[in-house]
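The following report describes the strands, the nonpolar core and the salt bridges of a single chain, and it is best read with the structure in view.

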Amino acid sequence: QVQLVESGGGLVQPGGSLRLSCAASGSGFSINAMGWYRQRPGKQRELVAYITSSGSTNYADSVKGRFTISRNNAKNTVTLQMNSLKPEDTAVYYCNVKYIRDSSSILRDSWGQGTQVTVSP
């Protein structure tokens, strides 16, 4: 099992920036994609951004040009830099890691505990 620990988040004014980080730990697995999802009040969880092991990225249209995802494969960490934040970015943000256990071909998911991001004057 892959354990995820998130950090960052908090309260910021509109136009401000925040940085979310997530570290994966454990043994006996290989990480495939790493990403961030969010769940806004009254909404379903949605993809914010992900990055593959080769560095390819994908962003939700609502965050393109404002958020940047990056990863450190040696440290098994993923970071989401969020700039020009808007009130509608307010949500609980979840780290997600897709991984494969050694001697297996099944792609599995691991989720972080979630971190609150609030954008408000």
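Does Ala33 count as buried or exposed? In this predicted model, Ala33 counts as buried, because its relative accessibility is 11% and buried means under 20%.

## Surroundings of Ala33

Ala33 is found in strand β4, and, when residues up to four places away in sequence are not counted, Ala33 touches Ile51, Thr52, Arg71, Asn96, Val97 and Lys98. The C-alpha atoms of Ala33 and Asp109 are separated by 9.7 Å, although the two residues are 76 residues apart along the chain.

## The four-stranded sheet

An open sheet of 4 strands follows the order β1-β3-β8-β7, and its pairing is antiparallel. The edges are occupied by β1 (3–7) and β7 (67–72), each of which has a single partner strand, so one side of each is left without a neighbour in the sheet. On average, and with direction ignored, neighbouring strands of this sheet are turned by 15° against each other.

Within this sheet, strand β3 (residues 18–25) and strand β8 (residues 77–82) run antiparallel and are joined by 6 bridges. Arg19 has Gln81 as its bridge partner in β8. As a general point, side chains in a regular strand alternate between the two faces of the sheet.

## The β9–β10 hairpin

Strands β9 and β10 (residues 107–111) pair in the antiparallel sense over 5 bridges, and the bridge partner of Ile100 in β10 is Leu107. The two strands form a hairpin with 5 residues between them, and in the turn Ser103 has a positive phi of about 65°.

A salt bridge also joins Lys98 and Asp109, with the closest N and O atoms 2.6 Å apart. Lys98 lies in strand β9 and Asp109 in strand β10, so this pair ties together parts that are 11 residues apart in sequence. Lys98 counts as partly exposed at 23% relative accessibility, and Asp109 likewise counts as partly exposed, at 39%. Lys98 is also one of the residues that Ala33 touches.

## The largest nonpolar core

The largest nonpolar core has 30 residues, and those with the most contacts inside it are Trp36, Leu80, Met82 and Tyr93. Two or more residues of this core are given by each of the elements β3, β4 (29–39), β5 (46–51), β7, β8, β9 (91–101) and β11 (115–119). The largest share, 5 residues, comes from β9.

The contacts of Leu80 illustrate how separate stretches of the chain meet at one residue: when residues up to four places away in sequence are not counted, Leu80 touches Leu18, Arg19, Leu20, Trp36, Val48, Ala49, Phe67, Thr68, Ile69 and Tyr93. Two of these, Trp36 and Tyr93, are themselves among the residues with the most contacts inside the core. Arg19, which is also touched by Leu80, is the residue whose bridge partner in β8 is Gln81.

## Surroundings of Thr115

Thr115 lies in strand β11 and, at 11% relative accessibility, counts as buried. Leaving aside its neighbours within four places in sequence, Thr115 is in contact with Glu6, Gly8, Gly9, Leu20, Ala91, Val92 and Tyr93. Of these contacts, Leu20 and Tyr93 also appear among the residues that Leu80 touches.

## Salt bridges

The structure holds 6 salt bridges. In one of them Asp89 is joined to Arg38, with the closest N and O atoms 3.0 Å apart, and this pair links distant parts of the chain, since Asp89 is in the loop between β8 and β9 whereas Arg38 is in strand β4, 51 residues apart. Both partners are buried: Asp89 has a relative accessible area of 0%, and Arg38 has one of 2%.

Another salt bridge is formed by the side chains of Glu46 and Arg40, which meet at 3.1 Å, N to O. Here the partners are partly exposed, with a relative accessible area of 25% for Glu46 and a relative accessibility of 24% for Arg40. The residues of these two pairs belong, together with Arg66, to a network of salt bridges that links Arg38, Arg40, Glu46, Arg66 and Asp89.

Notes
Residues are numbered from 1 along each chain as its sequence is written. This is a predicted model: local features need pLDDT of at least 70, side-chain atom pairs count only at pLDDT 80 or more; totals for chains, interfaces and linings use all residues. Side-chain values use heavy atoms; hydrogens and water are left out. Two strands pair if DSSP finds at least two bridges between them. Axes are lines fitted to C-alpha atoms, for helices over the stretch in contact, and angles run from 0 to 180 degrees between N-to-C directions. A nonpolar core is a set of buried Ala, Val, Leu, Ile, Met, Phe, Trp, Tyr and Cys residues joined through side-chain atoms within 4.5 Å. Buried means under 20% relative accessible area, exposed over 50%, partly exposed in between (1.4 Å probe, protein chains only). Contact means heavy atoms within 4.5 Å. A salt bridge is a side-chain nitrogen of Lys or Arg within 4 Å of a carboxyl oxygen of Asp or Glu.
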